[in-house]
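Biologist: I would like to learn how to read a model at the level of single side chains. Can we go feature by feature?

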Amino acid sequence: MTVNLHDSAYELEKAIRHSDEYSQLKKMYEEVNGDASAKAMFENFRNIQMQLQQKQMTGQEISQEELEQAQKTVALVQQHEKIAKLMEAEQRMSMAIGELNQIIMKPLEELYGAPQQ
């Protein structure tokens, strides 16, 4: 029996969209976006995060000042109830995606062997 992976991928997409993790993430995201101050704070946090990731990816050094600013921003957004709930929902979704990735990669790991850690 052969399976069309493309079709299976779309079925998995539907399952993700109907999962509790995704529903909770979407709800928390909408709550943050519905609150102007939370939205601005969250967007600032995301911008700082993206800037630091870009620097890392291009091999640029991150200054102590940038690192301290990022830590202050993280502490600030974690104190905001709506953003903290959104970040928790993001973490749960990330864990679910990680588990899916492990399951999906299992046939290749069995074929080639698990990667060395």
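Biologist: Where does Ser 19 sit?

Modeller: Ser 19 is in the loop between H1 and H2. Helices here are DSSP runs (H or I, at least four residues; strands are E, at least two), numbered from the N terminus. This is a predicted model, with residues numbered from 1 along each chain as its sequence is written. Local features need pLDDT of at least 70 and side-chain atom pairs 80 or more, while totals for chains, interfaces and linings use all residues, and side-chain values use heavy atoms, without hydrogens or water.

Biologist: Is Ser 19 buried or exposed?

Modeller: Buried means under 20% relative accessible area, exposed means over 50%, and partly exposed is in between (1.4 Å probe, protein chains only). Ser 19 has 14%, so it counts as buried. Its side chain reaches the backbone oxygen of Ile 16 at 2.7 Å.

Biologist: Which backbone oxygen lies 2.9 Å from the side chain of Thr 73?

Modeller: A polar contact is a pair of N or O atoms within 3.5 Å; within protein, one must be able to donate a hydrogen and the other to accept it, and residues adjacent in sequence count only if both atoms are side-chain atoms. For Thr 73, the partner is the backbone oxygen of Gln 69. Thr 73 is found in helix H4. It is buried because its relative accessibility is 6%.

Biologist: What does Thr 73 touch beyond its sequence neighbours?

Modeller: Contact means heavy atoms within 4.5 Å. Not counting residues up to four places away in sequence, Thr 73 touches Asn 44, Phe 45 and Ile 48. Look at Arg 46 too, in helix H3. Its C-alpha atom is 9.8 Å from that of Thr 73, and the two are 27 residues apart along the chain. Arg 46 is partly exposed, at 24% relative accessibility. Its side chain joins that of Gln 49 through a polar contact of 2.8 Å.

Biologist: Which residues form the largest nonpolar core?

Modeller: In soluble globular proteins, nonpolar side chains tend to be buried together. A nonpolar core is a set of buried Ala, Val, Leu, Ile, Met, Phe, Trp, Tyr and Cys residues joined through side-chain atoms within 4.5 Å. The largest one has 12 residues: Leu 25, Met 28, Val 32, Ala 38, Phe 42, Phe 45, Val 77, Ile 83, Leu 86, Met 87, Ala 89 and Met 93. Helices H2 (20-33), H3 (36-57) and H5 each supply at least two of them. H5 gives the most, with five residues.

Biologist: What is Met 28 in contact with?

Modeller: Leaving aside neighbours within four places in sequence, Met 28 is in contact with Lys 85, Leu 86 and Ala 89.

Biologist: How many salt bridges are there?

Modeller: Side chains of opposite charge can pair when their charged atoms come close. The rule asks for a side-chain nitrogen of Lys or Arg within 4 Å of a carboxyl oxygen of Asp or Glu. By this rule there are six. One of them pairs Lys 14 with Glu 11, the closest N and O atoms being 3.6 Å apart. These two residues are three residues apart in helix H1 (residues 5-17), so about one helical turn separates them. Another joins Glu 13 and Arg 17 at 2.8 Å, N to O. That pair also lies in helix H1, four residues apart, about one turn of the helix. Glu 13 is partly exposed at 30% relative accessibility, and Arg 17 is partly exposed at 45%.

Biologist: Which salt bridge links distant parts of the chain?

Modeller: Glu 66 forms a salt bridge with Lys 55, with the closest N and O atoms 2.8 Å apart. Glu 66 is in helix H4 (residues 64-79) and Lys 55 in helix H3, 11 residues apart. Glu 66 counts as partly exposed, at 28% relative accessibility.

Biologist: Which residues form a nonpolar patch on the surface?

Modeller: Patches take residues with over 30% relative accessible area and no salt bridge; like charges are joined within 9 Å, nonpolar side chains (Val, Leu, Ile, Met, Phe, Trp, Tyr) within 5 Å. Areas come from the Shrake-Rupley method with a 1.4 Å probe; for residues, only the protein chains shown count as cover. Here the patch is Ile 104, Met 105, Leu 108, Leu 111 and Tyr 112, with about 550 Å² of accessible area together. Met 105 is in helix H5 (residues 81-112). It is partly exposed, at 31% relative accessibility.
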